[in-house]
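Okay, everyone, thanks for coming. Let me put the structure up on the screen, and then we'll walk through a few parts of it together.

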2 protein chains.
Amino acid sequence: MKESLHIGLVGLGCRGTFLLKDCLLPRPEIQVDAVCDVYEDRCEDAARLVRESGRPEPFTCTDYRQMLARGGLDLVMITAAWEAHVDIACASMRAGIYTAMEVGGAYSVEDCWRLVDTFEETGVPCMMMENCCYGRNELLVLNMVRQGIFGEIVHCQGGYRHDLRSEIAFGRENRHYRFRNYLNRNCENYPTHELGPIANVLNINRGNRMLSLVSVASKSAGLHDYLLREKGPEYDASSMRFAQGDVVTTIIRCAHGETICLTLDTTLPRAYSRAFHVQGTRGMYMEDNRSVFIDGKDNAYDFKWKERWNSIEEYRKEYEHPLWRDFLTEGIHGGHDGMDWLTTGALFDAVRAGAPAPIDVYDAAAWRSITALSEESISCGGAPVAIPDFTRGKWMHRSPWKP
Amino acid sequence: MKESLHIGLVGLGCRGTFLLKDCLLPRPEIQVDAVCDVYEDRCEDAARLVRESGRPEPFTCTDYRQMLARGGLDLVMITAAWEAHVDIACASMRAGIYTAMEVGGAYSVEDCWRLVDTFEETGVPCMMMENCCYGRNELLVLNMVRQGIFGEIVHCQGGYRHDLRSEIAFGRENRHYRFRNYLNRNCENYPTHELGPIANVLNINRGNRMLSLVSVASKSAGLHDYLLREKGPEYDASSMRFAQGDVVTTIIRCAHGETICLTLDTTLPRAYSRAFHVQGTRGMYMEDNRSVFIDGKDNAYDFKWKERWNSIEEYRKEYEHPLWRDFLTEGIHGGHDGMDWLTTGALFDAVRAGAPAPIDVYDAAAWRSITALSEESISCGGAPVAIPDFTRGKWMHRSPWKP
């Protein structure tokens, strides 16, 4: 087991800075040796954060290939723009360095295969850092599912329902790649925050797999209306036509007959929700009203007056996931309500132990492929599209995910 | 304006009895002259209810054609099994009698055209009695939409999410047609409770129309698990394979780019919800957490800490629909929390005035067609299916729905 870890970070925008701060927190064994971004000022800001944490000055560069060629890294973490993830991840695996990639969606199914092929050729692990797989309620629900509380799981829903209008609309000013994506593409561009936890519930790539999807996009009206109000009609983007529909709904069918309904909803006013929703033959969970419903218990009220929604809080004590029990005892820290800490913790443990990636390339490929496949389905009027088996049959005997 | 109305009812199961009781309540001008059901005992029970209300003994029969041939009716109300609605409605229109039909889904698109054609040939109105169009929150939200509170509407969701396992599983014992439907068909079999109010929000058939849909069904597991537990493995239906998936998700695209996501969810344990959900460029409403979210107001909290879900109750005073304001003043009565009273009230007023149907054959055809079209889409692996324009172009100049 390695004591200290030498890390390189590629991509130092909002997400990368979040992650860097997580690495620098109370983990003295983490050495941030190198930071890379296409923008020099971001490299400088990151280097300053590293220095301020009491660590040595990191190497900085604007081309990730310099970082890889320099050597000495135990781990490369990629938080660059979505479209750069796969190139960098494959180069990092080929350089023999344990690799971790932020969440994002694929631009082509071929890119997903490239991740899988590169991993299979090199044997170098590549983790998909889907932090929501480590979310408190996501793990609580997974725990209940695994204990059979909801019976046989039949249907799941989830969404990335997050008002990102200011980030997207002013993406040029803020150098955020969402602007160019929303201007040009129309797809389920960010499926994994909700799909990751659902895939774990349904044992996707581990006894089950996603077979096909259909995807339909609404019109694009939210950004235009927002920009007109924020900047007036003279501002150039106020009259741009964004290709991205405000709401994209995707339905996925699985090998064992389950359905998954995903919603991308990022350009209309609303409160944040991942709309996590799990239904089985014995009960269900719904994030949006924080409810658990158990057959024979909550519908017993039917005979008196009406069935009732129960609260997830009544189940927290009994079903809190062990990982979160420990985390609560030691005190929650790190970004995104602690999810980032658990994600990077799992990653660092795996790197030190030389263990497989906690969320691997097969999951990364399957989950990210939804973006490219939804683009295909939407462009063909909602036509069903097959989802490849990126495990090449190994899904039938891979064991269930363990957080 | 006619003073009293002479009514015949066809179909006296659960739904028909509900409606009959509504007719018999404090409306002395309503004369129930005839009651018809294929089961004689149901006719007798209905006749007894009519007698007990102080009205004359009604004519009873087991064949609706006898009722129509007998004459003397101002209105025929059809609450028979779904598959009988269209035959009876067309016969009633051809007999020159104002017709009203309970909610239900079509078995073929041709049946929907038959409704339209018969109306256009005879000029006799036929109402679709979609009571949820008169629901309190549905009308409150419609009122807010019409006043522009949510901005331009982009996306709606709705569902018939109602645990009907006992009704369906014991449909043979209870003579409920849902049993044979769930055993044999796989479709969005009951779309109109949620689609009616959504269609009003989106001005479907009145400046807008539904263009196409995709529909995907989950496996069927709920009824089997329920029957095994309720009746054990020896009971015949415990080993029957129900064709109907537990959860059917349907996405509809509209002429002006809006999307509608519908969910049928009737064979898994849960609390009742129509999951009504309306999103626009300035705000949204969500039934499941009883929330309203207004841009610039509720996301103002973002800067301090987090955006918040507001409660619909805060908007009730200002935006309660006038119909409900009056109803609350006079005191709510009738089935389904008063929705039935408002629906039949609108119908009776229209019949007395010789006015068009409050919800007409074009709406009936479009909404009911979703069932047949979803069956087609599901059977073709989720393929997109076109939704006919049952108005033959009149949707472009029909004026918005007025409750």
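So, look at Val292(B): standing opposite it is Asn310(B), in strand E14 of chain B. Before I go on, keep in mind that this is a predicted model. Val292(B) belongs to strand E13(B), which covers residues 291–294. E13(B) and E14(B), residues 310–311, run antiparallel, and 2 bridges join them.

Now E13(B) has another partner. Strand E12(B), residues 283–286, pairs with E13(B), again in the antiparallel sense, this time over 4 bridges. If you want a pair to click on, take Met284(B), whose bridge partner in E13(B) is Phe293(B). E12(B) and E13(B) make a hairpin, with 4 residues between the two strands. In that turn, check out Arg290(B): its phi is positive, about 55°.

And which way do the side chains of E13(B) go? Ser291(B) and Phe293(B) point one way, while Val292(B) and Ile294(B) point the other way. Are they buried or exposed? All of them are buried.

Okay, over to chain A and helix H9(A), residues 192–202. This helix is mostly covered, with 11 of its 11 residues buried. Among them are His193(A), Glu194(A) and Asn200(A), along with Leu195(A), Ile198(A) and Val201(A). Right after the helix comes Asn203(A), and its phi is positive too, near 55°.

Next, cysteines. How many disulfides are there over all chains? The count comes to 0. Take Cys126(A): why no bond there? The closest cysteine sulfur is in Cys90(A), and at 7.6 Å it's too far from the sulfur of Cys126(A) for a bond. For a disulfide, the two sulfurs would have to be within 2.5 Å. Cys380(A) isn't in a disulfide either, as its nearest cysteine sulfur, in Cys187(A), is 14 Å away. As for their surroundings, Cys126(A) counts as buried because its relative accessibility is 2%, whereas Cys380(A), at 48%, is partly exposed.

Last thing: how do the two chains relate? In general, two copies of a chain are related by a rotation about an axis and a shift along it. Here, chain A superposes on chain B with a rotation of 180° and 0.0 Å of shift along the axis, and the RMSD is 0.0 Å. That's the relation of a two-fold axis. Also, 100% of the interface residues of chain A are interface residues in chain B as well, so the copies meet through the same surface.

That's it from me, thanks!

Methods: Residues numbered from 1 in each chain as written. Chains lettered and ligands numbered in written order. Predicted model: local features only at pLDDT ≥ 70, side-chain atom pairs only at ≥ 80, totals over all residues. Heavy atoms only, no water. Buried < 20%, exposed > 50% of the residue type's maximum accessible area, 1.4 Å probe, protein only. Pairing = 2+ DSSP bridges. Least-squares fit on C-alpha atoms with pLDDT ≥ 70 in both. Contact = heavy atoms within 4.5 Å.
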